[in-house]
Amino acid sequence: MTASPPTTLADSVALFQRSTDYALGALSTVGDADLDRPTPCAGWDLRTLVLHLADAADALTDFAATGELVLPASPRAGEADPVAVARELIQRLLDAVRTAVHDDAHPARAAWAGGAARGGAIEFAAHGWDIATACGADREMPAGLATELLALSAALVGEQARQSRFGPPVPVPSGAAPGDRLVAFLGRQPAARP
């Protein structure tokens, strides 16, 4: 099955919604006792990863409104309930990109929201997989979602993004599941458990 990246704002938002559903499902598996678990992200425990996801949602919400993407140098810390913070900020981003679909008066915002939705779709699916893997949860990424995100990642994840956010691609067998191919493309070991 092949897919092409979304071309309309509505398609980008729909893909982002599906990615968000996957990430929120993974977040639902996280309990307080899990927050110190290691993750597939080298050097990060689950608390740090969840707070990074919150920071990414916050930064993408600002990007959807202003066209400027500013990620914090290091993840926030000190939150009593990191999962609740991540859920709240993900929902805020989802609301912002959904609203842009119906805002014909601000074409620039629609473009920014589309960019936030596409970038967020990749980010949230990858980190949803990281979270599920860290928790040992059986939350395989839906094949259709992974296939679409792989096409989008191939279009968006250039060398600069790879160096700053993703590792080098990891080889996988030719018959690997779409979710495994996606996370391998983004520098993760599909079968790895921390």
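These exercises, with worked solutions, walk through a predicted model of one protein chain.

**Exercise 1. The fold**

Task: State how many helices and strands the protein chain has, and decide how compact it is.

Solution:
- Start with the count. The protein chain has seven helices and zero strands.
- Read along the sequence. The pattern is α-α-α-α-α-α-α.
- Now take the radius of gyration, which is 16 Å. The globule rule gives 16 Å for 194 residues. The two values are close, so the chain is as compact as a globular protein of that length.
- Add the box. Along the principal axes, the C-alpha atoms fill roughly 45 × 45 × 30 Å.

**Exercise 2. Inside and outside**

Task: Find what share of the residues is buried, and what supplies the exposed area.

Solution:
- Buried means under 20% relative accessible area. By that cut-off, 45% of the 194 residues are buried.
- Turn to the surface. The protein chain exposes about 9300 Å². Carbon and sulfur atoms supply 52% of that area.
- Check the contacts with a separation of 6 or more. Residues 24 or more positions apart account for 73% of them.
- Finish with charge. There are 15 positive and 23 negative side chains. The centres of these two sets lie 3 Å apart.

**Exercise 3. Two helices**

Task: For helix 2 and then helix 4, test the span against 1.5 Å a residue. Then describe how each is covered and what follows it.

Solution:
- Helix 2 covers residues 46-66, which is 21 residues. From first C-alpha to last it reaches 30 Å, close to the expected 30 Å.
- Of those 21 residues, 15 are buried, and helix 2 is mostly covered.
- Gly67 follows helix 2, with a positive phi near 80°.
- Helix 4 covers residues 107-135, which is 29 residues. It should span 42 Å, and its end C-alpha atoms are 41 Å apart, which agrees.
- Helix 4 is mostly covered too, with 21 of its 29 residues buried.
- Gly136 follows helix 4, and its phi is positive, near 70°.

**Exercise 4. Arg37**

Task: Place Arg37 in the chain, classify its exposure and list its contacts.

Solution:
- Arg37 sits in the loop between helix 1 (9-27) and helix 2.
- Its relative accessible area is 34%. Partly exposed lies between the 20% and 50% cut-offs, so Arg37 is partly exposed.
- Set aside neighbours within four places in sequence. Arg37 then contacts Trp44, Asp45, Leu46, Ala134 and Cys135.
- Last, a distance. Arg37 and Arg47 are 10 residues apart along the chain, and their C-alpha atoms are separated by 8.1 Å.

Definitions and conventions: Residues numbered from 1 in each chain as written. Heavy atoms only, no water. Helix = DSSP H or I, 4+ residues; strand = E, 2+ residues; numbered from the N terminus. Rg over C-alpha atoms; globule rule 2.2 N^0.38 Å. Buried < 20%, exposed > 50% of the residue type's maximum accessible area, 1.4 Å probe, protein only. Contact = heavy atoms within 4.5 Å. Areas by Shrake-Rupley, 256 points an atom, 1.4 Å probe, with all protein chains shown as cover. Lys, Arg positive; Asp, Glu negative; His and termini not counted. Charge placed at Lys NZ, Arg CZ, Asp CG, Glu CD. Expected span 1.5 Å × (residues − 1).
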